[in-house]
Amino acid sequence: MATPSTQPASATAPATLKVPRHIGLIMDGNGRWAKSRSLPRAAGHKAGVENLRRIIRACVELGIQHLTIYAFSTENWARPVDEVKGLLFLLDQVLDNELQELHREGVQIRHIGRVDGLADSTRRKLESAVAMTQNNTRLVLNVGFNYGGRAEIVNAIKQMLADGVTSDEVSEELIDRYLYTAGQPDPDLIIRTAGELRVSNFLLWQGAYSEYYAADVYWPDFDKNELLKALEHFNSRERRFGKTSEQLV
Ligand code: IPE
Ligand code: IPE
Ligand code: MG
């Protein structure tokens, strides 16, 4: 990629800190956060949404250009019906209550994932959030809702076949263009909260050379300090992309 994948952080971060252009975020641990407080899982999801607002703002302040959040996976439909309903309701609430503020802050909202399974009213809200914010340039926020990395690749293949793409034309660049994240840089850093060390079907293609960071805290407790810790770790990593260390100097 021709453009650099890092840039100096804005004023609120240590002067030497370079921030990644694109961060992926697996927001995990809402249920355990609630359980540790003897609260229902729904309370954890609510606290998770409140934290998301803070972290989006921190990313805007830090000058991060692309943030991809994993909010609901294609596998999460298998959760108890009431929990699924609660998560769908939270998406509606976020779209109702946060859109204006996000728009004011210059956030461009994009949806990554399938729209099947979502209520028509939710679909319309998502579409109008995307349309309303499409010219914002401060931060691109990819909302992974009903997102799965494998489903995304299946979708890309189907679209390519529908477009009559021939085998000679298939290339990594072409596949990139058929993904939900078409036109955006790959994530430089993928953060997962709640200590789990797995990908859970998130950005399978785009994460080929992402640096991974596991935060020990549950998502509702992942604050700006935790984000800065993740960025410091990222700054200490040597990204070799298959080369040797010596080739990088
Ligand atoms: C992440 O928290 C939110 C979603 C996956 C929707 P979890 O609900 O997975 O929380 P844990 O992993 O059970 O603690
Ligand atoms: C991954 O978390 C999905 C989201 C954060 C939306 P899960 O809690 O669903 O993942 P697993 O089941 O532990 O792998
Ligand atoms: Mg989980």
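In this predicted model, the shell of residues around ligand 2 draws its largest share, 4 residues, from strand S4, which spans residues 66-73. Within the full list of residues around ligand 2, the reader can find Tyr70, Ala71, Phe72 and Ser73, together with Ile26, Met27, Asp28, Asn76, Arg79, Arg192, Arg198 and Ser200. Sorted by class, this shell divides into 5 nonpolar, 3 polar and 4 charged residues.

Which side chains place a polar atom by an oxygen atom of ligand 2? Asparagine 76 has a side-chain N or O atom 2.9 Å from an oxygen atom of the ligand, while for arginine 79 the corresponding distance, again from an N or O atom of the side chain, is 3.2 Å. Aspartate 28 also takes part, with a polar side-chain atom that lies 3.2 Å from an oxygen atom of ligand 2. Taken alone, ligand 2 would expose 390 Å², and the protein buries 77% of that area. The space that ligand 2 takes up is the largest pocket.

The reader can now turn to ligand 1, which sits in the largest pocket. Two elements each give two or more residues to the shell around ligand 1, namely helix H1, residues 30-35, and helix H2, residues 41-62. Of these, H1 supplies the largest share of the shell, with 3 residues. The residues that surround ligand 1 are Met27, Asp28, Gly29, Asn30, Gly31, Arg32, Arg41, His45, Ala71, Asn76, Arg79 and Leu87. By class, the shell around ligand 1 holds 3 nonpolar, 5 polar and 4 charged residues.

Does the backbone or the side chain of each contacting residue approach the oxygen atoms of ligand 1? For glycine 29, the backbone provides an N or O atom, which lies 3.3 Å from an oxygen atom of the ligand. For asparagine 30, a polar backbone atom is likewise involved, at 3.1 Å from an oxygen atom of ligand 1. With arginine 41, by contrast, the N or O atom belongs to the side chain, and an oxygen atom of ligand 1 is 2.9 Å away from that atom. On its own, ligand 1 has 380 Å² of accessible area, of which the protein covers 87%.

Reading the two shells together, one finds Asp28, Asn76 and Arg79 among the residues around ligand 1, and these residues also appear in the surroundings of ligand 2.

Definitions and conventions: Residues are numbered from 1 along each chain as its sequence is written. Chains are lettered from A and ligands numbered from 1 in the order in which they are written. This is a predicted model: local features need pLDDT of at least 70, side-chain atom pairs count only at pLDDT 80 or more; totals for chains, interfaces and linings use all residues. Side-chain values use heavy atoms; hydrogens and water are left out. A residue is near a molecule or strand if one of its heavy atoms lies within 4 Å of it. A polar contact is a pair of N or O atoms within 3.5 Å; within protein, one must be able to donate a hydrogen and the other to accept it, and residues adjacent in sequence count only if both atoms are side-chain atoms. Accessible areas come from the Shrake-Rupley method with a 1.4 Å probe; for residues, only the protein chains shown count as cover. On a 1 Å grid over the protein atoms alone, a cavity is a set of points where a 1.4 Å probe fits but cannot get out, and a pocket is an open set with protein on both sides within 12 Å along at least five of seven lines; lining residues have an atom within 4 Å of a point. A molecule sits in a cavity or pocket if more than half of its atoms lie within 2 Å of its grid points. Ala, Val, Leu, Ile, Met, Phe, Trp, Tyr, Cys and Pro count as nonpolar, Asp, Glu, Lys and Arg as charged, and the others, Gly among them, as polar.
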